[in-house]
Amino acid sequence: MPLIGAQVFIEPGQTPEEIDKWFRILKENGMPLCRIRMFESYMKKSDESWDFTLFDHAFRAADKYGIKILATFFPYTEKTDIGGFKFPRNEQHLNSVALFIKKTVRHFKSYESLYGWVLINEPGSGGIPDNSFAKKKYAEWLKKNPACEFTEKGYPVLKDLKDQQFLMDYNTWYLRWIANEIRKYDKDSHLHVNNHGIFSLAAEYDFPAWRTFLNSLGGSAHPSWHFGDFKRSQYALAMSANSEIVRSGAGNLPWIMTEIQGGNNTYSGMAPFCPTADEIMQWLWITVATEAKGGIFWSLNPRASGIEAGEWALLTFQDEASDRLVAAKKVAETLNKNAELFKNAKEIDSGINLMYIRESMWAEKAMATSSLQNYEGRENGAVMKSLLGYFEAFSEMGINTSITEFGEFDFGKKDYNGEVIILANQLAIPDLYASAFENFVANGGKLIVDGLTAFFDENLHNTMLTGFAFEALFGGNIAEFKVVDNLFDVQINKKIVPAHLWQGIIQAIEGEVIALKNEKPVAIRNQFGEGETVWIPSLLGLGSRISRDYTQLCNWLLDEIEGIGELPVRFSRPTKGMLMKSMWADNELITVIVNKSGETQYVKLEMKKQDRNPEILFCSDNDCVVTESFLIVRPETTLVINWN
């Protein structure tokens, strides 16, 4: 069953009585899970001896109240380092981390309350550290993955992506090393890690490789740190997208949102923000509806010292429950009341897959630049924002959509009828990926392609000049791209959809032209085997996102996905600011609906099966109206329905 918990922040100066009280508060508020940051600096003394007393108080209190602990390794670092280092500085530093792991695991593994270990707090750094150890590792890695001066086609490699490929592998190496060190002393406890900054750092994370040494995957989702590309009214959407990326990365492993912002931040974070009680409920239900096994708030109690002093907590300074803790308790009570239902619940797979390709994020990082006009398409982040435009459009239709990296998708099947992959402005795709996409479409899948997708290969060559590996699949090549305007219209089969910045003129070879500009093709539909590719080399997803109006994109997408996948329920029309996620629990249909529109919404549902009897499991404002196919949902409300 999904569990809700919170970080108990342990630091010197706290008394055993205070620590005991925090664990009692967890128990009283339906939070059987917590996380503790295990500070080496609070255990190892200047004379090299070890004193675990402070943390023993916490583990004993957890034993007393039946709370399970995910303990996060936090080796010694600078006092101003609130997130922890991501890589060792040298061999001596690596050895000191190994000693810390040995001492900590041996001492705490016998506690009944210990559930597992978090390998490192928030891996992902944005760049290779400038130290001798990283340079040595990079040199060793290059011997196994050498850079080439010329490609097999004879083109010079003037700029490559080796440094970013190494950074991904370096993250995996260090996490695996930590996991192996733990397993020397603890063969059984759960191993976990929480990524962060997913919308900018996703290309650093090789989740399928992580599955080989983890028992679950997690993430951090703090609006103050991680949702800078979203307005506050979109934070629920951002939580949903963040959750989908982690869910896909976890694969067959369970996942949990390891850090959710629990309270006010004053001087830490990128922007000051305090969640409302409504937002707390929205985020928890969204993660549950994305198949998370729960969420842990950062944090229960505020820390007293450092950059985050007095921030982030669910409790007041007098250890009273805030409105946010009360809200979290309400969700926990509903989950407990419906434990049998939610422990078996699985997110419904609509068959619609928004795919990101890490080479595209690497290429953008290497090539993107700002301009005087501040066009978003030229800036770092456009690849992910383009995908998120489609995600928001489907959310406004109440349709589940997965977000998956190329390496996480199963391209080995023989039948893809009812499945869609959308490549939104995935600007760099290795040539060797073409065969995987061809197999997908040839066996009945539908591929929708927009923007500068496949403009570069993995060596940052322009593919239209070096040999376009996707010509047969897409149905042509690009004659040229033209800068048009920040926003311009593309008319596709009488649907006028906003696009951003560039428009590709297609040199059509096969397929049906479905859009023209000055009598030249700007969109085509190409039959390939049992499936088809729809190619619009203009940034529709990003254009709709910039315009803040997804109506036309939604209407066009509804035509394209007609008959696709399993869609037992959706909104009858696109509704701005609305979000719905759907689950199956055995034969029960569960929907989680969130209204971020700022006004009361009167929503008609399209139900595939009409004789379902709605039961309200949760309504955050106690003023929801639900019939067999109609809802009234107030602003900021979260509504959870079981359609019996």
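Q: Where is Ser-299 found in this predicted model?
A: Ser-299 sits in the loop between strand E8 (294-298) and helix H11 (323-337). Keep that loop in view, as the next question returns to Ser-299.

Q: What kind of peptide bond joins Trp-298 and Ser-299?
A: Start with the general idea: most peptide bonds are trans, and most residues other than glycine have a negative phi. Here Trp-298 and Ser-299 are joined by a cis peptide bond, with omega about 0°.

Q: Which residue in the loop between helix H13 (358-367) and H14 should I look at for its phi?
A: Try Asn-374, which is found in that loop between helix H13 (358-367) and H14. Its phi is positive, about 55°, although Asn-374 is not a glycine. Then move on to Asn-425, in the loop between strand E12 (420-424) and H15. The phi of Asn-425 is near 55°, again a positive value in a residue other than glycine.

Q: Is Asn-425 buried or exposed?
A: Asn-425 has a relative accessibility of 1%, so it counts as buried. The cut-off you need for this step is that buried means under 20% relative accessible area.

Q: Which residues does Glu-379 contact, leaving aside its neighbours within four places in sequence?
A: First find Glu-379 itself, in the loop between H13 and H14. Its contacts are Glu-364, Ala-368, Thr-369, Ser-370 and Asn-374. One of these partners, Asn-374, is the residue with the positive phi of about 55°. Another partner, Glu-364, is 15 residues away from Glu-379 along the chain, and their C-alpha atoms are separated by 7.9 Å. As for accessibility, Glu-379 has 19% and therefore counts as buried.

Q: What does Ala-436 touch, not counting residues up to four places away in sequence?
A: Ala-436 belongs to helix H15 (residues 434-442), and it touches Phe-406 and Phe-411. You can also compare places in the chain with places in space: Ala-436 and Asp-410 are 26 residues apart along the chain, and their C-alpha atoms are separated by 9.4 Å. With 14% relative accessibility, Ala-436 counts as buried.

Q: At what angle do helix H9 and helix H14 pack?
A: Two packed helices are described by the angle between their axes and the distance between the axes. For helix H9 (residues 235-250) and helix H14 (residues 382-396), the angle is about 110° and the axes are 11 Å apart. H9 and H14 are therefore roughly perpendicular to each other. Their crossing is right-handed. On the H9 side the contact is made by Leu-237, Ser-240, Ala-241 and Glu-244, and on the H14 side by Leu-388, Phe-391, Glu-392 and Ser-395. By type, the residues of this contact divide into four nonpolar, two polar and two charged.

Q: How far apart are the axes of H14 and helix H18?
A: The axes of H14 and helix H18 (residues 540-547) are 7 Å apart, and the packing angle is about 75°. That makes H14 roughly perpendicular to H18. H14 contributes Ala-382, Lys-385, Ser-386, Leu-388, Gly-389 and Tyr-390 to the contact, while H18 contributes Leu-540, Gly-541, Leu-542 and Arg-545. These residues divide into five nonpolar, three polar and two charged.

Q: What is the packing angle of helix H4 and helix H5?
A: Helix H4 (residues 132-144) and helix H5 (residues 162-183) pack at about 110°, with axes 10 Å apart. H4 is therefore roughly perpendicular to H5. Among the contact residues are Phe-133 and Trp-141 of H4 and Phe-166 and Trp-173 of H5. The contact divides into seven nonpolar, one polar and four charged residues.

Q: Which cysteines form a disulfide?
A: A disulfide is a covalent bond between the sulfur atoms of two cysteines. The count here comes to one disulfide. Cys-619 and Cys-624 form it, with their sulfur atoms 1.9 Å apart. The link of Cys-619 and Cys-624 is right-handed, with 65° about the S-S bond.

Q: Are Cys-619 and Cys-624 buried or exposed?
A: Cys-619 counts as buried at 12% relative accessibility, and Cys-624 is buried with 16%. You can read other cysteines in the same way: Cys-34 is buried at 0%, whereas Cys-274 counts as partly exposed at 28%.

Notes. Residues are numbered from 1 along each chain as its sequence is written. This is a predicted model: local features need pLDDT of at least 70, side-chain atom pairs count only at pLDDT 80 or more; totals for chains, interfaces and linings use all residues. Side-chain values use heavy atoms; hydrogens and water are left out. Axes are lines fitted to C-alpha atoms, for helices over the stretch in contact, and angles run from 0 to 180 degrees between N-to-C directions. Helices (H or I, at least four residues) and strands (E, at least two) are DSSP runs, numbered from the N terminus. Angles under 35 degrees count as roughly parallel, over 145 as roughly antiparallel, 65 to 115 as roughly perpendicular and the rest as oblique. A crossing is left-handed if the near helix is turned anticlockwise from the far one by less than a right angle, and right-handed if clockwise. Contact means heavy atoms within 4.5 Å. Ala, Val, Leu, Ile, Met, Phe, Trp, Tyr, Cys and Pro count as nonpolar, Asp, Glu, Lys and Arg as charged, and the others, Gly among them, as polar. A disulfide is a pair of cysteine sulfur atoms within 2.5 Å. Buried means under 20% relative accessible area, exposed over 50%, partly exposed in between (1.4 Å probe, protein chains only).
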